[in-house]
Every structure is written in C-alpha cells, then in structure tokens.
Amino acid sequence: DGVYIASSPDAQAYSEAVSDGDGGVIAVYEQSGDVYAQRVDGTGAGLWTTFGVAVSAASGSQYYPDAASDGAGGAIFAWSDSRSGDVDVYAQRVDASGSVRWTTDGEAVCTASGYQYYPQIIPDGTGGAIIVWEDERGGQRDVYAQRVGAGGAFLWAADGVPICTAGSHQTSVEIAPDGFGGAIITWEDERSGAEAADVYAQLVDASGAVRWAANGVPITTAANEQRRPRLIPDGVGGAIVTWMDERNYPPATDIYAQRVDRYGYLGFASAAITEVVDHPNDQGGVAVVNWTPSYLDAYPNQMVTHYSVWMRMPDEPLARALGVGWTPLLAGEMGGSTDLGVLMARSGWTHVEDVPAYYLSEYGCHAPTYGDSTESGIPWTEYMVIANTGDHWVFWESEAASGYSVDNVAPGAPSSLAALPAQTDVELYWSPSGYFDDDLAHYNIYRSETSGFVPDEATFVDATVDTFYIDTEPGRSTWYYVVAAEDIHGNVGPPSNEVTVEVWTSVEEPVAPMSFALRGSRPNPFSGLTSVAFDVPAGGGEVRIEVYDVSGRRVRVLVDGHESAGRRMVAWDGSDEGGRRVASGVYYCRMKAGTYEETTKLTLIR
C-alpha cells in the first residue's frame, strides 16, 4: 500500500513528483491550502522533516502545485496562489537537503490582473525552470510562460510572455523541453468554437521568443472536440503530442497522436533515401543515391528549394576522436554561426552536390564513394540528404543510408605485343591499350606451346607494372605469348595479340655478345614507357647511356656504371632528371662504352 510521503493529520491532495536524480523522488502536494514537499530515497525513507517542508504557507490558498528537478538533487515548484485576493502564480526552489532557497513563501511569477491557473513547470537545463499557465488577464483564458533562473530571478518579460492570445479559451496547458533551453507548449484551443476544441502548439526559445506561427500551429483541427493534450520531446527539437479525440463520436472517443518538428511542421518533412546503388558500367568510385522528396516539395506546399547531398565514412575519424556521433544541430550551437557547411564539417559530413527541387516524385544524384568493393572487403560510404528552404536555418535532414561502388569495367587489351629471342630468354614489348587504364594494377604474362590458347592459371607466367618483360629461360620450344591488363580491383581485361618466338638455345649453352651494341628501343614511338636494349660482351664493361633532346641538351642519364655481359635492358618513362615529364617530340639515346659509341632515335607521343 506504499509509504507515507506526508503523515500530517491534515489533508493532502493534488500531488506531483519528480526524480531527485539519485534513485529517489521529490513529491509536492497541497496540504490544507498550503504547498508542502517531501523527498524520499530509493528505499522509501523520508529525507526531509516528518511532515514535509513548507514550500509556501502564505495567507490565502495555494493549490495545483507542479514540480521540476533543479538538476542538483532538489526541485523547483510552481503553484496557483490566492494570497493577493485573485489567483496568481508563484514559484519556489528547495535544495537537496530540504532548505528553501528563495524568498519565504515563494517568488511571484505572475501577478497580472485576472486569474492565473494550473501552472506547469519543466527544467530549463541550467538549474532553472520554465513555467506555463492559463491566464485570464485578457478576459479569456490565454497561455503565458516565464523562465526563472536557479537563483530565483525571472529571465523573460514581467508577468510572462504570451504564448497564445487567440480568441476564446485556451486550456489544459502542457509543456515539454525542446532540448535547447526552450520549451514546446500544447493546449486545448476553442478559437473555432466551444464545441469544436482543437489542439495547438507553440515553441518558445531560451530567450522567451516564440518561434512558430503567431498563437501557435494547429496539431489537429478534426471534427468535434480534441481535448487534454499531452506531449513528450522527440529528441531532435520537436515533440510528439497525443490527445483525446471525439471525431468519431458518437459512439467512440479515441486517442490520436501527431509529431510536430522543431520548426512547427507536422510529421516528417525530411526526404527519405530509398537506395544507394553502384553506378553501372564504370570504373568504380561512384554510387547513385536516390530519395523520395519532402512533403513540402509539392504544390501548394512549396517550402523546399533544393536538396543537398552529404557523405561521410561510417567510422568518421573526427566523430570518433570527439567520442560522439552525428545529431541534428540548431542555431546557436556553433556560437551563432549561420553556415550549414560549418555544422556538417563538425560532424564529419562532406558536401557532395545540390539538387534543385522541382516537385518531382523522386530524385537522385551521382555521388563519390570512399572506395570500391573488392575481395578483401567493402568500404562503405554513408549518405544523408538535407531538404533546404529559403531560410538557411530551416532544413530537414534524412536518416543516413550506406552503400558502396563496384568497378564494373576491365582495362582494354594491350596492343602491339612483340617478342624477341635473347639467347636463353624472351623479350616482350607492348603498348598500353589507352582504354580504362586509369586504375591499372599490372600486366599478366601468359605463355603456351599451343597457338590460340586461353589465358588461365596454368599458362600464367608472371606480372609486371612495366610495358616490357624478360621471360627468363622458358626452355627450347616454339612459344606463344599474350599479355592482359589487370586493374586494382581484380578485373582482368581481354588479351593482347598473340606473338610467336622460337628459343633454340638452352641454358647450358650461353653465348655472350661479341661486342658492345645499342639495339634500339621498344615500343618506339611510345607514350608512357620504352625499353632500351643493349649488349655487353664477355667480361662486362663500363657503360653510359644518355637521352638528349633535339637541341643537344642532356635530358636523362639511364645507365652509368659497370654492366655484366649479356643482353641488357633499361627503361625510360619520358621524364627528366628531376622527374618532370618532358614534352612530346624526337629524342636521341646515346650509348658509350670504351671506344664504342652509338645513337638511336626515340619518339615520344603524349
């Protein structure tokens, strides 16, 4: 049957309670025309005086009290008070020990003419509270509110700020925090007639300014009466309101609910991402983000001007470093900044593209990804779509959705494959295809003794990043070769032309060149890389190979030192000594070895 909160012989009524933040509860109640409070710990034991603490024992009657936590183990209370002859609103703070902190019998929240009834109170998040009440100073019941600081000072206009002063009565007032120092307030509203009560709501910010339409936005104006609204915060600056509804009366009285967002719009005005899919037939790096529009992107609701698409890595380093995830941000959180880009950067989002709103039934855009799917895993990219308006601070963010891209296109076939026997080895030269080679990983070399063979694991020889390759000692035979390009995502392109070469010299019968010789280069002309072949006779020797332009200026030294005997190769990538790419044109390659000197022409085509 519970434990005593108040064991006084006097009558207690109209109790309200809030958490003390430590597993207990603070209860406030009317006791014989005064307001008392008691704190009970988690075991049910009373912590304050036996009969409770007198919050207000002023003359007249004090009744209909309500309570809000002060965030420090105590509470702030508000009540209706008739000490002045009419009915006003007073408030008092009691700390965790049960000591009254403000003026004895409370501070006057509102002493305007007429009656002020049924105050409701919530914490303001900084040790104070926001109080709302029904107010008859205008000859009808309106809605007013006031904010009081932790020290008892009032922060808004004297006697409160008007929340709604529309025609007829506004009653059954309820309040909930908006999460940003303000409050969302809802009430029964008879502006359409006493027998047609509706539910309205208003947002008042931390400074006391109302933010939605004058006199509130309609939550419901359905037929018959809607009464006794209740609300809770939605966690992102809005609220969910529920009420008793007679639209189907008779025979039924029902319960309905609605969400109102932080701007006063009903339901969800955000766009909704429907899919994130790979962009087909490309080399990866791009996804297609599709979404359905905001309901405010349709005639006659023409609020949305454009959509902005944003991306981030799911495990965003900045968010991880801060120890936070992304949450919607409102004005004031960034020190008054009005730059949406600043807000998104703070949470790790990167702007992708803006898409104009044209009242379409669906939208989409091409968006980059942070990587392509491979056998080693999927690098996911997260996307969000924001519906923007002409007011920079009115926007709606969608829920995030993730996707990835796939490289659908293999590189083209290498061209101009050529093969030369070099004693026991085979020298291969080819040119890049020039098609889809941007993400090239390497070239695969295949060899078979059967013409027209299909490249596979059995015929695979090796891989190289160059456009030449020396197949060392394949053995005596007639060999057939093809080369295929493979990209970084594992896509292997079609094979090159097939070439044939006969190797008649075995490894047991090496034959060194008879003399130094510059054998020319392959491919020539070239666009990316060419290989210069040269011979070094038995015993080796000092070799210097240089590249000159047509004016005789030295561009690059390719070889400068001792080389052992045999057929040798050196590559030139068309760059100078500083690594800078040289221009297209004719160049000369000169080899000097002792008394031997020879020059050959190279043609570079960019």
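How many bridges join strand 38 (residues 530-536) to strand 41? Seven of them do, and the two strands run antiparallel. Before we look around further, a word on the ground rules. This is a predicted model in which local features need pLDDT of at least 70, side-chain atom pairs count only at pLDDT 80 or more, and totals for chains, interfaces and linings use all residues. Residues are numbered from 1 along each chain as its sequence is written, and side-chain values use heavy atoms, leaving out hydrogens and water. Strands here are DSSP runs of E with at least two residues, numbered from the N terminus, and two strands pair if DSSP finds at least two bridges between them.

Let us stay with strands 38 and 41 for a moment. Within this pairing, Val532 stands opposite Val570 in strand 41. Both strands belong to an open sheet of three strands, ordered 37-38-41 and paired antiparallel. Its edges are strand 37 (517-522) and strand 41 (566-572), each of which pairs on one side only. From one strand to the next, the twist averages 20°, with axes taken as lines fitted to C-alpha atoms and angles running from 0 to 180 degrees between N-to-C directions. As a general reminder, the strands of a sheet pair through backbone hydrogen bonds, either parallel or antiparallel.

Next, take a look at the backbone in some other places. Pro250 lies in the loop between strand 18 (239-245) and strand 19 (254-260), and the peptide bond leading to Pro250 from Tyr249 is cis, with omega near -10°. Another cis peptide bond joins Tyr299 and Pro300, with omega about 0°. Pro300 sits in the loop between strand 22 (297-298) and strand 23 (301-302).

Positive phi values turn up too. Tyr359, though not a glycine, has a phi of about 60°; you will find Tyr359 in the loop between strand 25 (350-356) and strand 26 (363-368). Ser416, also not a glycine, has a positive phi near 55°, and belongs to strand 30 (residues 415-422). Tyr359 is partly exposed at 43% relative accessible area, while Ser416 is exposed at 54%. For these terms, buried means under 20% relative accessible area, exposed over 50%, and partly exposed in between (1.4 Å probe, protein chains only).

Finally, the cysteines. With a disulfide taken as a pair of cysteine sulfur atoms within 2.5 Å, the count comes to zero. For Cys110, the nearest cysteine sulfur is that of Cys164, 16 Å away. Cys110 is buried at 0% relative accessibility, and Cys589 is buried with a relative accessible area of 0%.

Technical notes. Helix = DSSP H or I, 4+ residues; strand = E, 2+ residues; numbered from the N terminus.
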